[in-house]
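Open the model in your viewer and keep the sequence panel beside it. We will go stop by stop, selecting a few residues at a time.

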Amino acid sequence: MTREIKVILGSSIILIVSLIITGFFRYEQRKINQTEVSYEQKLTKEQRKLATVKEVTHEELLKEAKKGDSIQKETANQIEISQTVSSKATQLFRVLLTFENSDQYNRRAKVVKDLVTPDVLKDKNLFVSDKDVTGNSFIDTLKLKSQFENAEIYNSIVENNEVRIIAQVTYSSSKGDNQAGTKQDIYEMSYNTQSNKFTQVKKIGSLDIAQPLSKR
């Protein structure tokens, strides 16, 4: 066997072995990828099951509590009221703190009228006029915008049909070409369980989380 033939044969063997090894690794990688996808799908499925179980369990606990003694029934009632208050407060702030123009700003009172009492609707701190001294809308003139982000609601137990609430509300606001800055407002609120409306909505403080930056 000549030297040239040996070199060619040796190169061919190395190439074949390399191809076999490459194919093996590709096959194993596909198996690994398929396994990872399968695990992710199973994990997602289990997470969905867990969320469903938690929801069902919570509802079942409430049902059972309502069948119990007076203390259990009162506990169930407090939980339901807390859920209602949290949901309605979130709805309220989503409307109050979301607008892009004067039309949306001025429409807020009409949208939330079923959530609050007439006295709250008359509160100028919540529903201040958008007109400046010239009669024009400062919302449109300054291009003010606001977007509700989320709300953390903390409420007391019911006393004399009233629930006291502290709400920590996060939203973003911008003016003209300035980028939106995130802020938090703290509100003190009251909710009447007979009228099913908020009887007080008062801002008691605010915090700038991030100052808006001017657009360059």
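The tour below starts at a helix, moves through the salt bridges and ends at a patch on the surface.

This is a predicted model, so treat each stop as a look at a prediction.

**Stop 1: helix 3**

Select residues 102-111, which make up helix 3. Now colour Ser102, Tyr105 and Arg108. These three are buried. Where do the buried residues fall when helix 3 is seen down its axis? They fall within an arc of 110°, so they line one face of the helix. The general rule helps here. An α-helix has 3.6 residues a turn, so residues three or four places apart point the same way.

Next, add Asp103 and Lys110 in another colour. Both are exposed, and they sit on the face of helix 3 turned away from its buried side.

Before leaving, go to the start of helix 3 and show Asn101. A side-chain oxygen of Asn101 reaches to within 3.2 Å of the backbone nitrogen of Asp103.

**Stop 2: the salt bridges**

Side chains of opposite charge can pair when their charged atoms come close. How many salt bridges does the model count? The count comes to three.

Begin with Lys113 and Asp114. Their side chains meet at 3.6 Å, N to O. Lys113 is partly exposed, with a relative accessible area of 42%. Asp114 is exposed, at 55%.

Now select Arg164 and Glu188. This salt bridge spans 3.8 Å, N to O. Arg164 lies in strand 2 (residues 162-175) and Glu188 in strand 3 (residues 181-192), so the pair ties together parts that are 24 residues apart in sequence. Turn on the surface and check both ends. Arg164 is exposed, with a relative accessible area of 57%. Glu188 counts as partly exposed, at 26%.

Then select Asp185 and Lys203. Their side chains form a salt bridge at 3.9 Å, N to O. Asp185 is in strand 3 and Lys203 in strand 4 (residues 197-208). The pair links distant parts of the chain, 18 residues apart. Is Asp185 buried or exposed? Asp185 is buried, with a relative accessible area of 3%. Lys203 counts as partly exposed, at 47%.

**Stop 3: around Asp185**

Stay on Asp185 and show what surrounds this residue. Its side chain makes a polar contact with the side chain of Tyr171, at 3.1 Å. Leave aside the neighbours within four places in sequence, and Asp185 is in contact with Ala167, Gln168, Val169, Tyr171, Lys203, Gly205 and Ser206.

**Stop 4: Gln200**

Move along strand 4 to Gln200. At 30% relative accessibility, Gln200 counts as partly exposed. Which residues touch Gln200, leaving aside its neighbours within four places in sequence? They are Val120, Glu188, Met189 and Ser190. You met Glu188 earlier, in the salt bridge with Arg164. Now draw a distance line from Gln200 to Ser190, C-alpha to C-alpha. The two are 10 residues apart in sequence and 5.0 Å apart in space.

**Stop 5: a nonpolar patch**

Finish on the surface. Select Tyr154, Ile166 and Ile204. Together they form a nonpolar patch with about 280 Å² of accessible area. Zoom in on Tyr154, which is found in strand 1 (residues 144-155). Tyr154 is partly exposed, with a relative accessible area of 47%.

How values were computed:
Residues numbered from 1 in each chain as written. Predicted model: local features only at pLDDT ≥ 70, side-chain atom pairs only at ≥ 80, totals over all residues. Heavy atoms only, no water. Patch = residues over 30% accessible without salt bridge, like charges linked within 9 Å, V, L, I, M, F, W, Y side chains within 5 Å. Areas by Shrake-Rupley, 256 points an atom, 1.4 Å probe, with all protein chains shown as cover. Salt bridge = Lys/Arg side-chain N within 4 Å of Asp/Glu carboxyl O. Helix = DSSP H or I, 4+ residues; strand = E, 2+ residues; numbered from the N terminus. Buried < 20%, exposed > 50% of the residue type's maximum accessible area, 1.4 Å probe, protein only. Arc of directions from axis to C-beta. Polar contact = N/O pair within 3.5 Å; in protein donor to acceptor, adjacent residues only side chain to side chain. Contact = heavy atoms within 4.5 Å.
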